[in-house]
Amino acid sequence: MLRTLDIENIAVIEKASVDFSNGLNVLTGETGAGKSIVVDSINAIMGERTSRELVRYGTDYAFVSAYFDDICSAVCDKLKELDIELEDGNSLLLSRRISSNGKSLCKVNGKAVTVSMLKEISSLLVNVHGQHDSQALLNPDLQYTYIDMLLNDKSVLNDYKNTFKKLISVRRKLKSLANDESDKEKQLEILNFQIDELEAADIKIGEREKLAKKRELIQKSEDIIKALNLAVSTINGDDENAGVEQACNDVSRMLFKFDETKEIFDVFNDINDKLELAKDKAEALLMSIDFSPEEIEMIDERLDLYYKFSNKYGKNEEEMLAFLENAKEKRNSILFADEELERLNREYDNLLNETVKLAEKLSNERKKIASDFEKKVKDELSFLDMPKMQFFVNFEKGNLSSTGFDKIEFKISANPGEPPKSLSKVASGGELSRIMLAIKNIISYNDTIGTLIFDEIDTGVSGRASQKIGLKLKSVSKNTQVICVTHSAQIASNADEHFLIEKKFDNDKTYTSVTPLDFEGRKRELARIMGGLEITDTLLQSANELLNQNLYGN
């Protein structure tokens, strides 16, 4: 859950740090004080789109960071997938720096990430429900997700998804085989030429390097032979001159006679041994050098072939041979396309039957869940001062997709006798907020997201309904951390932690502060919300009673 939110240079907030607690956290303040800026900051850390206007006037950048602890396994899996190390104690630090030129720098546990990666991770940590953020609830294409969250046995859903993926994979293969005959002939002609050319070349791994070295050796072999012959003749000598070896032998024989010259004799004796070794190596190398002008011509032709192939089939012999194998596989797939087509059709039919069966099984499970879900939502709505509201989960059968064949849509009937209609057509903003809250309360036990944020959920509802919403938020917060921006004293009085957002002015500059309130501070803030401009003793007494009632039950 979200433990600490640090904000710097965002709109009118110069610097603020908010430490959230477990349970229900409430943010209140006068209109325009900057409550929405806190939600904007959270949206920024969730990878939502931002603009340079978010950066406080006169500063170069804005910065927001969010520290989470006790993160769920789904987040851990996502971090592992993105190769991001998890801190000790299952903690996570997200940060985003927004420059005045509009550029962003995002980090997760100190590692730079893209905005989309930040969004992937944060979507598993926080769910923001704003006054105008009901797309998922209003969109029939997404309403199935609420039912699927309540599935006790997720293997039914997973089995379906895995089988559907296999079905789609086989269908793609079938489409790739659906080429006309002229295309097949053209492909075969090209593949046959490539295969014949590569096979005729008899590519050998490492041959190109060996040929290049041999060519280099041949090119300098003439000079090497001259050098070696000179070395041998210098050691051996010729008809006119005695060689170095003979001269050293003569000196050694003279020195051997005297004890006084033994050390010098040893030196000359060692020279003789080394001269003999050098002569043997030179003669052996001379014997190994064997070339002809025709040989270097053949090497050049072979290297030219490798150069030409490197532009067509791969930069080295391994890639050329891999190209050959791939070409053979493609040719076989075309030559045996009819057999492969028949096999794939059989596989597709089998997978289709299995997918349909699993889709029916998934649909049956969803309908069982939906029946219980309808009753629970009705009970929740009744508690939230909407006793006449009827809630329905409508099922229609559509085409197979990655989510099954169910077309699920939530419908409501606001008054008895009225036919059910789509949420988007009949639900007001206040009703929609309460319906969302009812659903969130039901799925909170199954939802792995640790933090729920409600932005002005009390919009368009009366005092009594606000009290019920506050109690319901309190109920949700027993299983999930809840952060709520509100104008309602009834909701705020249920908070476990209450923060006051105030706008202040100093030296012609505007500042917004976020301050945790104690009991007396909460009492004054609730009195302000209830009364407006003037805080009277009567309002303070009412606020005191409201707080005591919700905190202590008296």
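**Notebook: strands, helix packing and salt bridges**

I began with strand β1 (residues 2-10) and strand β4 (residues 61-68), which run antiparallel and are joined by six bridges. For one position in this pairing I noted that Asp 6 stands opposite Ser 65 in β4. I keep in mind throughout that I am reading a predicted model.

Next I followed β1 to strand β2 (residues 13-19), and found that these two pair in the antiparallel sense over six bridges, with Leu 5 standing opposite Val 18 in β2. How many residues lie between β1 and β2 in their hairpin? I counted two, and I wrote down that Ala 11 in the turn has a positive phi of about 55°.

I then turned to the open sheet, in which three strands follow the order β9-β10-β11 with antiparallel pairing. The edge strands are β9 (390-401) and β11 (421-422), each of which pairs on one side only. Strand β10 (residues 404-413) pairs with β11 over two bridges, in the antiparallel sense, and here Ile 412 stands opposite Lys 421 in β11. Which helix packs on this sheet? I found helix α13 (residues 337-383) there, touching β9 and β10, and its direction makes about 165° with that of β9.

From α13 I went on to helix α6 (residues 155-176), which packs with α13 at an angle of about 155°, the axes being 9 Å apart. An angle over 145 degrees counts as roughly antiparallel, and therefore I entered α6 and α13 as roughly antiparallel to each other. I also recorded that α6 passes α13 in a left-handed crossing, and that the residues of their contact divide into 15 nonpolar, three polar and nine charged.

The following entry concerns helix α9 (residues 244-255) and helix α10 (residues 262-288), whose axes lie 9 Å apart and whose packing angle is about 155°. That angle makes α9 roughly antiparallel to α10. On the α9 side the contact includes Val 244, Cys 248, Val 251 and Leu 255, while on the α10 side Ile 264, Phe 265, Phe 268 and Leu 275 are among the residues that take part. By class, I have nine nonpolar, four polar and three charged residues for the contact of α9 with α10. The crossing in which α9 passes α10 is left-handed.

I looked up a further partner of α10, namely helix α8 (residues 207-236), and saw that the two axes come within 9 Å and cross at roughly 145°. The crossing of α8 and α10 is left-handed. Among the residues that meet are Ile 225, Leu 228, Val 232 and Ile 235 in α8, with Leu 275, Ala 278, Ala 282 and Leu 286 among those in α10. I recorded the classes of this contact as nine nonpolar, two polar and two charged residues. Leu 275 of α10 is thus named in the contact with α9 and again in the contact with α8.

Last, I searched the whole structure for salt bridges, and the search finds 30. I looked up one of them, in which Lys 111 is paired with Asp 83 and the closest N and O atoms are 3.9 Å apart. Where do the two residues of this pair sit? Lys 111 is in strand β7 (residues 111-113), whereas Asp 83 is in the loop between α2 (73-81) and β5 (92-99), and I noted that the pair, 28 residues apart, links distant parts of the chain.

Notes: Residues numbered from 1 in each chain as written. Predicted model: local features only at pLDDT ≥ 70, side-chain atom pairs only at ≥ 80, totals over all residues. Heavy atoms only, no water. Pairing = 2+ DSSP bridges. Helix = DSSP H or I, 4+ residues; strand = E, 2+ residues; numbered from the N terminus. Contact = heavy atoms within 4.5 Å. Axes fitted to C-alpha atoms, helices over the stretch in contact; angles between N-to-C directions. Parallel < 35°, antiparallel > 145°, perpendicular 65-115°, else oblique. Left-handed = near helix turned anticlockwise from the far one by under 90°. Nonpolar A, V, L, I, M, F, W, Y, C, P; charged D, E, K, R; others polar. Salt bridge = Lys/Arg side-chain N within 4 Å of Asp/Glu carboxyl O.
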